[in-house]
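Notebook open, model loaded. I want to go through the sheet first, then the chain contact, then the odd spots in the backbone.

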Amino acid sequence: MRVADGVYGPQLRALVDADLAATWVEPDLDPSRAPSSRFPAGTE
Amino acid sequence: MSHPQDLSLREQAAAVATGELDPGELLDATFARIEERDAALNSVVVRFPDEARRMLSEAPRGPLHGVPVVVKDMFRLPWYAPTDGAPGEAAPAGESAVYRRLRDAGAVIAGIGQCHFWGAGSTGHISAWGPCGNPWNPAHCAGGSSGGSASAVGARLVAAAVGTDGGGSVRLPAAYCGVTGMKVTFGAIETDGYTHGYSDMGAIGPLCRDAADARLFCEVLTGRALNRGDGRPLRVGVARDPWWANLDPEIERACDAAIDAAGWERVELSLAGAEHQQAAALVCLTVQSLPMLRPEDLADADPVLRALTKFELTMTPVIVYQAARIRSLLRRAAADAFTRCDVLAWPTVPAPAPPIENPTVELPSGRAPADPGNLRQTGMGNLTGMPGISVPVGLHSSGLPMALQLQGPWGEEARLFDAAEHLEEATGREFVQADPFTAPARSST
């Protein structure tokens, strides 16, 4: 587990700490197609 | 005639259709080739001489009439329960959508391709079936998790194999083994009967020796025509950070040279959220797979996978939501990028296939396990759902293949095949025609 944390831990912690408060989660995410045009360009 | 498995998929199909090649003799020759070459590789871990002959006797005159293929150990077959490369059954025997597509095309399933344990790794060195060797050097990894499918095609045991790709598992072994592998747009190939069909990261895809074969096989698997166009006048998006950073220098040069050889217009760009895409891919894969694990699965798991799973169980709801935000950001960024370019291009893997005994790679940042760097190169395709293809572009000084990955807008598989065919032509088809068992570059160390 320590080895796994050494490999992936720093990036996962950076993801937790990232300031993404202004980023919306795509409400109707469907990976079979492009994001809906109703979904704005990633951020508020 | 040379050995029939030295023919391409389309040549085999045409020769059977015209009567030039007897499909029974083709099947016998295929099993003989597997017997001859696979002892050192362990790519086709279950063989179906009886079921294949029964399929052949009932095969319709479809586009792959009488042509033997291999499928990864993740699909239900009427006579076979897939294992995901772990002990025991991952799903009961039955009909998968892939089986029905192959059967209706007249193809013959010759066997099962080795799979990394649970499909949870990019090297193929951990599996209940044992490790799978690389056709260019059996002491090196074939890749994963569709390593058996890639190795079998690379070794010319069959001309086509089916793989699956939840985090790069078609494209990565294709790159390691010097074959062409396509991850289709999410959902473009039906996932019914695919053991990871619960995931919205996973897609199915063809592995073949070149793009024209992969196009034909993809048409069979998707059930739709992927008409040939012109792959020359393309704008290629090059996003340096992070996908062109921390690479083996020979791979970086080979991929750069391939783009130059193709004569494509380069568009330098950056994608918002890219710095977190590797972590987001790991989180999304984990969140979707952990609930599927039964307690007994963990108890029986390989120690490495068990340790990784315990680590993954420490993930918090906060990181899951952060990953969802990054996924959304990346999808929007990719859609925006495709208004400026036709395809995105970066190396499929950062370094050539590592040794089975020590699956680490040498990068400018130092020696590291192969998995994280591989996921960095391919996770974007799974997060966004867009299609991607890995195309051989050279041989490393170690004697192992190198590959360029091209990704396109959702539903544009045909564009990627066009681009890959043009790239092959621009590089003289040298790297898709090489037979590792006869090529002078093959290493034995």
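Before counting anything, I fixed my rule for strands: two of them pair if DSSP finds at least two bridges between them. One caveat to keep in view is that this is a predicted model.

**Entry 1: the big pairing**

I looked up S14 and S15 of chain B first. S14 covers residues 388-395 and S15 covers 401-407, and seven bridges join them. The two strands run antiparallel, and since the rule asks for at least two bridges, they therefore count as a pair. For a register mark I noted B:Ile389, which sits opposite B:Leu406 of S15(B).

**Entry 2: the whole sheet**

Where does this pair belong? I traced the strand order in chain B and got S1-S3-S2-S6-S8-S7-S14-S15-S11-S9-S10. That makes an open sheet of eleven strands, with mixed pairing. At the edges I find S1 (44-47) and S10 (265-268) of chain B, each pairing on one side only. From one strand to the next the twist averages 30°.

Reminder to self: strands of a sheet pair through backbone hydrogen bonds, either parallel or antiparallel.

**Entry 3: a helix on the sheet**

Which strands does H5 of chain B lie across? I get S1, S2 (68-72), S3 (108-113), S6 (160-165) and S8 (203-208). H5 itself is residues 147-154, and I read its direction as about 155° to S6(B).

Just ahead of it, I checked the loop between S5 (137-141) and H5 of chain B, where B:Ser145 lies. A cis peptide bond joins B:Gly144 to B:Ser145, with omega at about 5°.

**Entry 4: other backbone oddities**

I found another cis peptide bond between B:Asp241 and B:Pro242, omega about 15°. B:Pro242 is in helix H8 of chain B.

H8 came up again in my salt-bridge search. B:Asp256 forms one with B:Arg240, the closest N and O atoms being 4.0 Å apart. The pair links distant parts of the chain, 16 residues apart: B:Arg240 is in H8 (240-243) and B:Asp256 in H9 (249-262) of chain B. Over all chains, the whole structure gives me 36 salt bridges.

I also flagged B:Asn42, which is not a glycine yet has a positive phi of about 65°. I place B:Asn42 in the loop between H2 (23-37) and S1 of chain B.

**Entry 5: a small hairpin**

How many residues lie between S12(B) and S13(B) in their hairpin? I count two. S12 (360-363) and S13 (366-369) of chain B run antiparallel and are joined by four bridges. Here B:Glu362 stands opposite B:Arg367 in S13(B).

**Entry 6: chain B against chain A**

I turned to the interface last. Chain B puts 36 residues into the contact and chain A puts in 31. Between them the two chains bury about 2,800 Å², 72% of it on carbon and sulfur atoms. B:Phe311, B:Arg331 and B:Arg332 supply 22% of what chain B buries against chain A, more than any other three residues.

How many salt bridges are there between chain B and chain A? My count is one. I find a salt bridge between the side chains of B:Arg331 and A:Glu26, 2.7 Å from N to O. Eleven residue pairs are in polar contact across the interface.

Which helices of chain B each supply at least two residues to the side that touches chain A? I list H10 (277-289), H12 (303-312), H13 (317-337) and H14 (370-384). H13(B) gives the most, with 15 residues. Sorting that side of chain B by class, I get 20 nonpolar, eight polar and eight charged residues.

Notes:
Residues are numbered from 1 along each chain as its sequence is written. Chains are lettered from A and ligands numbered from 1 in the order in which they are written. This is a predicted model: local features need pLDDT of at least 70, side-chain atom pairs count only at pLDDT 80 or more; totals for chains, interfaces and linings use all residues. Side-chain values use heavy atoms; hydrogens and water are left out. Axes are lines fitted to C-alpha atoms, for helices over the stretch in contact, and angles run from 0 to 180 degrees between N-to-C directions. Contact means heavy atoms within 4.5 Å. Buried area is the accessible area (1.4 Å probe) that two parts lose on being put together, summed over both. A polar contact is a pair of N or O atoms within 3.5 Å; within protein, one must be able to donate a hydrogen and the other to accept it, and residues adjacent in sequence count only if both atoms are side-chain atoms. Ala, Val, Leu, Ile, Met, Phe, Trp, Tyr, Cys and Pro count as nonpolar, Asp, Glu, Lys and Arg as charged, and the others, Gly among them, as polar.
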